[in-house]
Amino acid sequence: QVQLVESGGGLVQPGGSLRLSCAASGRSFSTYTMGWYRQAPGKQRELVTTITGDGSVNYIDSVKGRFTISRDNAKNTVYLQMNSLKPEDTAVYYCNAARLWAGIRQAYWGPGTQVTVSS
């Protein structure tokens with residue numbers, strides 16, 4: 001079992017920056033692919049970015065060059081640095097941990113943190 005807690009959300013002006021953190025409890029953090037998802041009002045939750053245990057990353061096109069995901073396996077924490085924020089980045093951001101273990105897909109979610117980009 002993995003428990004995830006996000007932090008770092010808030011209100012920021014367009015063009016500003018925020019850094020989200022997701023702290024994980026439990027064991028074997030490095031075996032999980034970590035991801036950040038977001039859900040804007042009235043929209044479906046979407047995948048933003050992922051990072052594997054060995055550091056391979058992927059981003060959706062709309063955040064490439066602006067967002068950076070990273071992880072510290074020693075601290076059981078994943079980060080999302082968000083720069084040049086736009087109003088369309090406004091959403092609840094969720095941390096996700098997923099892995100395939102003994103043929104079974106395991107996935108865990110944090111409660112989410114609100115990010116609001118507005119002047």
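Is Asp-89 buried or exposed, and what is its relative accessible area? Select Asp-89 to begin: it is buried, with a relative accessible area of 1%, where buried means under 20% relative accessible area, exposed over 50% and partly exposed in between, computed with a 1.4 Å probe on protein chains only. The model is predicted, so that local features need pLDDT of at least 70 and side-chain atom pairs count only at pLDDT 80 or more, while totals for chains, interfaces and linings use all residues. Residues are numbered from 1 along each chain as its sequence is written, and side-chain values use heavy atoms, with hydrogens and water left out.

Next, add Arg-66, whose side chain meets that of Asp-89 in a salt bridge (2.8 Å, N to O), the term standing for a side-chain nitrogen of Lys or Arg within 4 Å of a carboxyl oxygen of Asp or Glu. This pair links distant parts of the chain, 23 residues apart, with Arg-66 in the loop between strands S6 (57-59) and S7 (67-72) and Asp-89 in the loop between S8 and S9; strands (E, at least two residues) and helices (H or I, at least four) are DSSP runs numbered from the N terminus. Arg-66 is buried, at 10% relative accessible area.

Then select Arg-38, which forms a salt bridge with Asp-89 through their side chains (3.0 Å, N to O). Here Arg-38 lies in strand S4 (residues 33-39), 51 residues from Asp-89, and Arg-38 is buried at 6% relative accessibility.

Finally, move to Glu-46, whose side chain meets that of Arg-38 in a salt bridge (2.7 Å, N to O); Glu-46 is partly exposed, at 33%. With Arg-38, Glu-46, Arg-66 and Asp-89 displayed together, the view shows a network of salt bridges linking these residues.
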